[in-house]
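Let's take a friendly walk through this model together, going from one ligand to the other and then on to the salt bridges. Please keep the 3D view open as you read.

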Amino acid sequence: MTILFCSDSEPAEPWRLACARAFPDMAFCAWPDTGSRDAIRYALVWRQPPGSLARLPNLKAILVLGAGVDSVLSDPELPADVPVVRLVDAGLPGPMAEYALYAVLHFQRRMADYFEQQRTAVWRRHDELLARRWPVGVMGLGVIGAFVAQRIAAQGYPVAGWSRSGKSVEGVEVFAGATGFDPFLARTRVLLNVLPLTLDTRGILNSRTFTAMPRGGYVVNIGRGGHMVDADLIAALDSGQLAGAMLDVFEQEPLPAMHPFWRHPKVIVTPHVAAPTLASESEAQVIDNIRRLERGEPPLGLVDRDRGY
Ligand code: NAP
Ligand code: GLV
């Protein structure tokens, strides 16, 4: 019985060690080395090379080493009947909330202006610093989004969240579904995206969305690059409808050197670092899920493949 590690970007070594400790009787291979394909029972994946999970006749589950499963589900050769399991929490919400809070503070406290002023030794104060005048809106109120929303609310910002079901989150004003979207945007000064990328959410950060926000707002994208319509963001920034953006995720990663985001004065780019998966924080969940599957029990974090998250 073999565990296959399959990623185009992440190192296999921490997972090889974790699997050797937990399952000394199972073999471990890192793609493109698959050993005997018939022996592969579990695949640990992060952005697997397309087609790498095809023709594995005894594959029992695909265990995604992240919260988002869009890159896994987009593989045209993904086996149709094999369960896909994602990380749930696994150390991700804390770092995501830190990133989001930093972004809100950066914009609210006018840090870009002060960095710029320092370059020319300008001593000038900007007014309007009260957190209560900076309504934050969080798109996606799942395991991560709800945590992010509550962490920011705890700092005194009025926080609202938007999700499909509208399930309640203490301390957060909740909006739901298509009818709740415009009222949610209309009260939001800093828009934080923590949605999964699905057929329904692709391109949701577009000019219509930006126009529904009060003029001079900000956008922070820590969901996926596919949520953003890049040209619409640049147009909204250039027209002044938006005053700034902080972006961690991009349709193409690494962000190509010639992409206009790199040089736009109102855009901050980070290289998908809001919450990297750490084996130290997530291996217990992955190991536990393999044990559950071996016992015939449902794993934690089973993905609804039709819904896309
Ligand atoms: P999750 O628990 O599955 O939560 C997803 C949330 O999005 C739920 O609240 C869901 O609504 C909502 N949603 C989904 N489709 C929607 C739609 N069409 N309209 C409105 N709301 C919708 O996911 P999670 O663990 O919080 O992770 C969220 C995402 O964060 C991941 O998919 C990934 O893309 C991103 N992420 C990024 C990084 C990074 O480093 N930048 C790290 C980790 C994760 P319901 O509650 O009604 O189902
Ligand atoms: C990272 O982007 C994740 O989805 O866990």
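A handy cut-off to begin with: a residue is called buried under 20% relative accessible area, exposed over 50%, and partly exposed in between. By that scale Arg164 is partly exposed, with a relative accessible area of 48%. Do keep in mind that this is a predicted model.

Arg164 is a good place to start, as it is among the residues that come nearest to ligand 1, together with Arg86, Ile144, Ser165 and Tyr309, out of 28 around that ligand. Which parts of the fold build this shell? Helix 5 (143-153) and strand 7 (159-163) each give at least two residues, and helix 5 has the largest share, with three. Domain 1 (2-90 + 277-294) and domain 2 (93-269) each contribute at least three residues to the shell. Sorted by class, the shell holds 14 nonpolar, nine polar and five charged residues.

Now look at the polar atoms of ligand 1. One of its oxygen atoms lies 2.6 Å from a backbone N or O atom of Ser165, and an oxygen atom is also 2.6 Å from a side-chain N or O atom of Tyr309. A nitrogen atom of the ligand sits 3.0 Å from an N or O atom in the side chain of Asp248. On its own, ligand 1 has 940 Å² of accessible area, and the protein covers 92% of that.

Moving to ligand 2, you will find Trp46, Gly66, Ala67, Gly68, Leu92, Arg224 and His272 around it. The side chains of Arg224 and His272 each place an N or O atom 2.7 Å from an oxygen atom of this ligand, while a backbone N or O atom of Gly68 lies 2.8 Å from a ligand oxygen. Here the protein covers 87% of the 190 Å² that ligand 2 has accessible on its own.

Finally, the salt bridges: the whole structure has 14. In one of them, Arg55 pairs with Glu77, with the closest N and O atoms 3.4 Å apart. Arg55 lies in the loop between strand 3 (40-46) and strand 4 (61-64) and Glu77 in the loop between helix 2 (70-73) and strand 5 (84-85), so the pair links distant parts of the chain, 22 residues apart. Arg55 counts as exposed at 60% relative accessibility, whereas Glu77 is partly exposed at 39%.

Arg164 returns in another pair, a salt bridge with Asp200 at 3.6 Å between the closest N and O atoms. Asp200 is exposed, with a relative accessible area of 61%.

Key:
Residues numbered from 1 in each chain as written. Chains lettered and ligands numbered in written order. Predicted model: local features only at pLDDT ≥ 70, side-chain atom pairs only at ≥ 80, totals over all residues. Heavy atoms only, no water. Near = heavy atom within 4 Å. Polar contact = N/O pair within 3.5 Å; in protein donor to acceptor, adjacent residues only side chain to side chain. Areas by Shrake-Rupley, 256 points an atom, 1.4 Å probe, with all protein chains shown as cover. Helix = DSSP H or I, 4+ residues; strand = E, 2+ residues; numbered from the N terminus. Nonpolar A, V, L, I, M, F, W, Y, C, P; charged D, E, K, R; others polar. Domains from an automatic or database assignment. Salt bridge = Lys/Arg side-chain N within 4 Å of Asp/Glu carboxyl O. Buried < 20%, exposed > 50% of the residue type's maximum accessible area, 1.4 Å probe, protein only.
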